[in-house]
Amino acid sequence: MENKKYDLVVLGAGPGGYVAAIRASQLGLKTAIVEKRKTLGGTCLNVGCIPTKALLDSTEKYYKIREKMAVHGIQISEAEVDVKKLADRKNKIVSEVCQGVEFLMKKNKIDVYTGTGKILEKGRVEVSLAENLPEKTVLNCDNIIIATGSVPIDIPILPIDGKTIITSDHAVDLKEVPERLAIIGAGVIGLELGSVYARLGAEVTVIEMLPRLFMPVDKQIAAFMQRSLEAQGFKFHFNQKLISCEKNNNELKLISETKDGTKNEIAADCALVAVGRKPYIENSGIEDIGVKLNERGRIIVNEETYETDAKGVYAIGDVIEGLMLAHKAEEEGIAVAEVIAKKPAHVNYAAIPSVVYTSPEIAWVGVSEEQCKEKGVEVNTGTFLFRANARAKAMEEAEGMVKVIADKKTDRLLGVFIAGPHASELIAEAAVAFEFSASSEDIARSIHAHPTLSEALKEAAMAASKWSIHS
Ligand code: NAI
């Protein structure tokens, strides 16, 4: 058994863990990272954000070539998709970005242990099943960061078999396209992967427990997105609780029920379970060292230092409370490394943008009009439609809108919601505005280049004070 000594050992090499390791190393801490996957990058790079975006980009091109080119005067008689090539391209991108993290580990002199890490006690981490080690190795350290991420939540009546009943892990490992895909959960994963499969020809039906799409999104934006996805072939069944699933000769019969007991039956060739994710903390040893969990199974940490109830043991990312987003985990990774290095650190949770990569994309930062009303905050709102934006029209992508929500008394920005072309990029301006505690007038009076999509945000901000010029 080997024994090594570090200032910091990070468990998990996803965006939270590897970023924490890099920042710690920059700050002079001798750092090791333990990862059980053979490749670095965690869920995001291996089976989450990156493969999904690669598939979304390829299938969107395919969809546009088939449906959106004639209006530009471009005649394409026949377009065909080679699913294997499409999947190979995705795999190549995944492999390149994972190797990128490996390079960063080397550049920052971080020791990588490929194996399962288990905290034996405070300051001692055992790495087992390690390919690059002769036997079990114990890493001694002053500090430990738990950044082990999350796994899909399963539903007992839909046992995952990886073929007809799948999670996002299987869905991104695209091999063939089912004729009829049922998706349980109208959340981010359901709509993004549903878009991939719908564009490749699957008939997509979504069963959702709640009355509408994404509850955190502004109602107006969610209603718009529902119409848009329906036009792309999605079928939605809201207010439905799944009560049973029968499997006959590879055909699934999914029965759901509304609150008043009305039953609904959906036949499908494949069901994607996308009902959320839960922290992955099994066998990490945390139960024995005093790390406590909250009622939702997330690790309890000090809000400013990310330290758990066990001294010298920290936790970040999907294992603690908050949005399960790579960029939230990254910021926490930077902050916790700075805390350990005894530097000032802070994450501004109010300024975290969210993005759903559907077509059009949806992106937002801050709170919705309904959430403001619930809190009794009076607001001014301004909306601007992309069809009044010259650049969006020139791109023939004028579907969607921007909505700005500002405090009625102070004009401080409270929420920005965008459904439209490149919303994922446009939201960065709003996130910076939030970081500077900007008012809607700050955006309205900032000069935006013409003609750009960003003018739609400026106009929505102007509309919040009732002086939009172009609507
Ligand atoms: P989600 O929390 O976004 O959505 C799950 C949906 O399933 C909810 O609408 C919920 O009401 C519904 N649901 C739950 N139980 C149900 C049941 N028994 N029957 C019917 N509906 C049910 O979770 P999702 O989509 O699985 O994503 C997991 C996490 O990964 C999220 O936190 C998400 O933010 C993150 N993610 C983020 C992405 C992005 O930033 N673009 C991409 C993919 C995932």
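**Surface, salt bridges, internal space and backbone geometry of a predicted model**

N250 is exposed, with a relative accessible area of 53%. In this predicted model, the residue occupies the loop between β12 (241-248) and β13 (251-257). Its backbone is also notable: the phi angle of N250 is near 70°, a positive value in a residue other than glycine. A second case is K466, which has a positive phi of about 65° and is likewise not a glycine. K466 belongs to the segment after α13 and, at 67% relative accessibility, is classed as exposed. Both values stand out against the general pattern, since most residues other than glycine have a negative phi, and most peptide bonds are trans.

The peptide bonds include departures from the trans form. S359 and P360 are joined by a cis peptide bond with an omega of about -5°. P360 sits in the loop between β18 (354-356) and β19 (361-366). Another cis peptide bond connects H450 to P451, where omega is about -5°. P451 is placed in the loop between α12 (440-445) and α13 (455-464).

The cis-linked pair S359 and P360 reappears in the description of the second largest pocket. This pocket encloses about 730 Å³ of space. Its lining comprises 28 residues, and those nearest its centre are E60, K64, S359, P360 and E397. Two or more lining residues are contributed by each of the elements α3, α7 and α11 (423-435). Helix α3 provides the largest share of the lining, seven residues. Classified by side chain, the lining of this pocket consists of nine nonpolar, eight polar and eleven charged residues.

Enclosed space was also examined. One cavity of 30 Å³ or more was counted, and the largest cavity holds about 30 Å³ of space. The residues lining the largest cavity are P152, T167, S168, I189, V273, A274, V275, G276 and R277. By class, this lining has five nonpolar, three polar and one charged residues. The charged residue is R277, because Asp, Glu, Lys and Arg are the residues counted as charged.

Helix α3, which contributes to the second largest pocket, spans residues 49-67 and contains I65. I65 is partly exposed, with a relative accessibility of 34%. Together with I74 and I76, I65 forms a nonpolar patch on the surface, and the three residues have about 220 Å² of accessible area together. I65 can enter such a patch in terms of accessibility because its 34% lies above the required 30% relative accessible area.

Charged side chains were considered next. Side chains of opposite charge can pair when their charged atoms come close. Over the whole structure, 22 salt bridges were found. One of these pairs E67 with R66, at an N to O distance of 4.0 Å. R66 is partly exposed, its relative accessible area being 37%.

A further salt bridge is formed between the side chains of E370 and R212, with an N to O distance of 3.5 Å. This pair links distant parts of the chain, 158 residues apart: E370 is in helix α9 (residues 369-374), whereas R212 is in the loop between β10 (203-207) and α7 (219-231). The two partners fall into separate accessibility classes. E370 is partly exposed at 22% relative accessibility, while R212, with a relative accessible area of 14%, is buried. R212 is assigned to the buried class because its 14% is under 20% relative accessible area.

The side chains of K403 and D218 also meet in a salt bridge, at 2.9 Å from N to O. K403 lies in strand β21 (residues 401-407) and D218 in the loop between β10 and α7, so the pair ties together parts that are 185 residues apart in sequence. Both partners are buried: K403 has a relative accessible area of 2%, and D218 has one of 0%. The pairing of K403 with D218 is part of a wider arrangement, in which salt bridges with shared partners join D218, E369, K373 and K403 into one network.

Notes:
Residues numbered from 1 in each chain as written. Predicted model: local features only at pLDDT ≥ 70, side-chain atom pairs only at ≥ 80, totals over all residues. Heavy atoms only, no water. 1 Å grid on protein atoms, 1.4 Å probe; cavity = no way out; pocket = protein on both sides within 12 Å on 5 of 7 lines; lining within 4 Å. Points joined across faces, edges and corners; volume = space filled by probe spheres on them. Patch = residues over 30% accessible without salt bridge, like charges linked within 9 Å, V, L, I, M, F, W, Y side chains within 5 Å. Areas by Shrake-Rupley, 256 points an atom, 1.4 Å probe, with all protein chains shown as cover. Helix = DSSP H or I, 4+ residues; strand = E, 2+ residues; numbered from the N terminus. Buried < 20%, exposed > 50% of the residue type's maximum accessible area, 1.4 Å probe, protein only.
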